[in-house]
Amino acid sequence: MNFNRELDVRGLHCPLPILRAKKALAEMDAGHVLKVVATDPGSVRDFQAFCKQTGHELVSNTATDAREFEFVIRHR
């Protein structure tokens with residue numbers, strides 16, 4: 001999938017991945033797509049809750065073999 005911006009929050013723990021994603025999304029236009037790469041296992045539930053609360057669309061949520069989590073979020 002194509003994305004407009006990528007955010008690397010590897011090595012950061014809650015709440016920093018969400019706060020950085022929130023800031024990045026605030027700088028983006030509606031319909032744009034943000035890809036986030038994180039290593040905090042808690043980020044899976046955090047990003048699900050964040051998108052539900054803010055109305056942004058969590059397009060995909062995948063885990064890699066390198067113990068990384070990739071989130072693709074469409075700005076609403």
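Lys35 sits in strand E2, which covers residues 33-38. The model is a predicted one. Is Lys35 buried or exposed? Lys35 counts as buried, because its relative accessibility is 17% and the cut-off for buried is under 20%. Its contacts, leaving aside neighbours within four places in sequence, take in Phe3, Arg5, Glu6, Leu7, Glu70 and Phe71. Two of these partners, Glu6 and Leu7, can be placed in strand E1, which runs over 5-9. Glu70 and Phe71 fall within strand E4, at 69-74. Lys35 in E2 therefore has contacts in both E1 and E4, given the cut-off of heavy atoms within 4.5 Å. His56 makes a contrast in distance: Lys35 and His56 are 21 residues apart along the chain, and their C-alpha atoms are separated by 13 Å.

Now step back to the whole chain. It holds 2 helices and 4 strands. Read from the N terminus, the order of elements is β-α-β-α-β-β. The chain has 76 residues, and a compact globule with that number would have a radius of gyration near 11 Å. The value for this chain is 11 Å, so the two agree. Along the principal axes, the C-alpha trace spans about 30 × 25 × 20 Å. Buried residues make up 38% of the 76. The accessible surface comes to about 4600 Å². Carbon and sulfur atoms account for 48% of that surface. How much of the contact set links residues 24 or more positions apart? Among contacts with a separation of 6 or more, the share is 64%.

The helices come next. H1 spans residues 16-26, and H2 spans residues 43-54. They pack at an angle of about 35°, and their axes lie 10 Å apart. The crossing of H1 past H2 is right-handed. Which residues meet there? From H1 come Pro17, Ile18, Ala21, Lys22 and Leu25. From H2 come Asp46, Phe47 and Phe50. By class, the residues of this contact divide into 6 nonpolar, no polar and 2 charged.

The loop between E1 and H1 deserves a closer look. Leu12 is placed in this loop. Beyond residues up to four places away in sequence, Leu12 touches Pro17, Arg20, Thr39 and Asp40. Pro17 is also one of the H1 residues that meet H2. Leu12 and Thr39 are 27 residues apart along the chain, yet their C-alpha atoms are separated by 7.3 Å.

Pro15 lies in the loop between E1 and H1 too. What is the geometry of the peptide bond from Cys14 to Pro15? That bond is cis, with omega near 10°. Pro15 is partly exposed, because its relative accessible area is 44%, between the 20% and 50% limits. Pro15 also pairs in space with a remote part of the chain. Ser43 is 28 residues away from Pro15 in sequence, but 8.7 Å away in space, C-alpha to C-alpha. Ser43 is part of H2, whose residues are 43-54.

Two further loops remain. Gly55 is placed between H2 and E3. Gly55 counts as partly exposed, because its relative accessibility is 40%. Gly55 and Val33 are 22 residues apart along the chain, with their C-alpha atoms separated by 14 Å.

Arg67 lies in the loop between E3, at 57-63, and E4, at 69-74. Its backbone stands out: phi is positive, about 60°, although Arg67 is not a glycine. Where does Arg67 stand, buried or exposed? Arg67 is exposed, because its relative accessible area is 71% and the cut-off for exposed is over 50%. Set beside it, Lys35 in E2 is buried at 17%.

Methods: Residues numbered from 1 in each chain as written. Predicted model: local features only at pLDDT ≥ 70, side-chain atom pairs only at ≥ 80, totals over all residues. Heavy atoms only, no water. Axes fitted to C-alpha atoms, helices over the stretch in contact; angles between N-to-C directions. Left-handed = near helix turned anticlockwise from the far one by under 90°. Nonpolar A, V, L, I, M, F, W, Y, C, P; charged D, E, K, R; others polar. Rg over C-alpha atoms; globule rule 2.2 N^0.38 Å. Buried < 20%, exposed > 50% of the residue type's maximum accessible area, 1.4 Å probe, protein only. Areas by Shrake-Rupley, 256 points an atom, 1.4 Å probe, with all protein chains shown as cover.
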